[in-house]
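Open the model in your viewer and keep the selection panel at hand. The stops below go from one strand residue outwards to the helices around it, then to the rings and the whole chain.

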Amino acid sequence: MTVAITNARVVPITADPFVGSVVLEDSVIAALGPDVTIPADAQVIDASGRWLLPGLIDAHTHLGVWEEGEGWAGEDTNEMTDPVMAAARAIDAINPFEQGFDDALRGGITSVNVNPGSGNPIGGLTVALKTYGRRVDEMVMRSPSGLKSALGENPKRVYGEQSTTPSTRLGVALVLRRAFTAARAHQVTLARSEKADVPPVAGHLVHEALIQVLTREIPWRQHAHRADDIATAVRIAEEFGYELVLDHGTESYLVADVLAARSIPVLYGPMIVSRSKVEVRRRNPAAPGLLDRAGVAVSIITDHPVVPIEYLITQASLAVKEGMDRAAALRAVTINPARVLGVSDRVGSLEPGKDADVVLWSGDPLDFFSRALQVWIDGQEVYTYDEVGRRGVVPARDSLA
């Protein structure tokens, strides 16, 4: 099927905005520009000057593993029975029928990263996926997309209450070093077996997950809030040579120069929350702008359901209110998170050949009064706002059967 969205104010993100058309053919963007030839068989949608952008991306959520309103039955965020859960996979706990996926579409969000929680020093493997589908396996863009780890209050509280290691910050760091040292030893053993042409040693799921980090196949997704925890994250990353991504980074703006010099991206947020614990006292809505101006590749995140996912763009607007450049704020919810997730060849900007994940907005998305009117994922319309009934319509996921 071919769809042509005409007379739109198009914001490609990685190129200058223009007034013109975007053509979606099957599952990809076929063409875009101010003077695009519209195929004769296309379904034409006149945008009438409304804004057209790539689908937004939230690179840190617990969507589908922490189901709202379900209590313990829908709480699968943390397996807090062992501090090293590197082999656990978020994909195995995601319910794609959870209400949060529909909320994401209402907020113009077409891609997310789903993380395990931060109760463990090493929480498990993350997954990047689209926000519409019937089976998670059909929604996946990259699995695994990273390995989640946590420093600071959460793991020391969880295991301190159990009177076991780790119960302090130095204990949490020790757990990480032990795990990486064991994985590196396993890596050496595997290499020696291969060189000697002998049967490999028995598989070890935890070591194998950590080896993907050591070989830089996937990034290390480090939950850290305080500047001292951020310094520990950088220290351990440099010891073991892996790719570090900083999640939350509440005080990251205090060490922005350190992060910029090392090209460490920051996923900042959640922003619309209370100062619920000591390590988030310096939460600052000006932080994304400060990071961007310092040369840090910053993304904005909701940590859904901590902040409901549909408020991702609201947080970007708040960052602009507090001094962030408008174009930078849009990059922080599109191409920057796409790059962190390793899927920027598919999503994050409007370019020919990329996935046809686009959103038609009633106006400037950074304007609080603007809303997503239509959302396409892989060229399929998956959300429509009914302006007469004043409600959003999402096709039933069971209709895909």
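Helices (H or I, at least four residues) and strands (E, at least two) are DSSP runs, numbered from the N terminus. This is a predicted model, in which local features need pLDDT of at least 70 and side-chain atom pairs count only at pLDDT 80 or more, while totals for chains, interfaces and linings use all residues. Residues are numbered from 1 along each chain as its sequence is written, and side-chain values use heavy atoms, with hydrogens and water left out.

**Ile122**

Select Ile122, which belongs to strand 8. Is Ile122 buried or exposed? Its relative accessible area is 0%, so Ile122 is buried (buried means under 20% relative accessible area, exposed over 50%, partly exposed in between, with a 1.4 Å probe and protein chains only). Now show what surrounds the residue, taking contact as heavy atoms within 4.5 Å. Apart from neighbours within four places in sequence, Ile122 is in contact with Pro83, Val84, Met85, Ala86, Leu147, Lys148, Ser149, Leu176, Ala179, Leu210 and Trp220. For a distance to check, take Val172: its C-alpha atom and that of Ile122 are separated by 9.4 Å, with the two positions 50 residues apart along the chain.

**Helix 5**

Select residues 205-214, which form helix 5. Seven of its ten residues are buried, so helix 5 is largely enclosed by the rest of the structure. The buried ones are His207, Ala209, Leu210, Ile211, Gln212, Val213 and Leu214. They pack against strand 8 (122-130), strand 9 (140-150), helix 4, strand 10 (220-224) and helix 6. Just after helix 5, look at Arg216, which has a positive phi of about 65°.

**Helix 6**

Go on to helix 6, residues 227-240. Helix 6 has 14 residues and spans 20 Å from its first C-alpha to its last, close to the expected 20 Å (1.5 Å times one less than the number of residues). Its buried residues are Ala227, Asp229, Ile230, Thr232, Ala233, Val234, Ile236, Ala237 and Phe240. The elements that cover them include helix 4, helix 5, strand 10, strand 11 and helix 7 (256-261). Just after helix 6, Gly241 takes a positive phi of about 75°.

**Aromatic rings**

Rings of Phe, Tyr and Trp (its six-membered ring) pair if their centres lie within 6.5 Å; planes under 30 degrees apart count as stacked, over 60 as edge-to-face and the rest as tilted. Five aromatic pairs meet this rule. Select Phe180 and Tyr242: the ring centres are 4.9 Å apart and the planes are at 25°, so this pair is stacked. Phe180 is in helix 4 (residues 169-195) and Tyr242 in the loop between helix 6 and strand 11 (244-248), so the pair links parts of the chain 62 residues apart. Both residues are buried. Add Trp220 and Phe240 to the selection, and the four residues form one aromatic cluster.

Two arginines also sit over rings (CZ of Arg, or NZ of Lys, within 6 Å of the ring centre and within 35 degrees of the ring normal). Arg9 lies over the face of Trp51, 4.4 Å from the ring centre, and Arg371 over that of Tyr385, at 4.1 Å.

**The whole chain**

Zoom out to the eleven helices and 17 strands of the protein chain. Its C-alpha atoms fill a box of roughly 65 × 50 × 40 Å along the principal axes. Of the 401 residues, 56% are buried.
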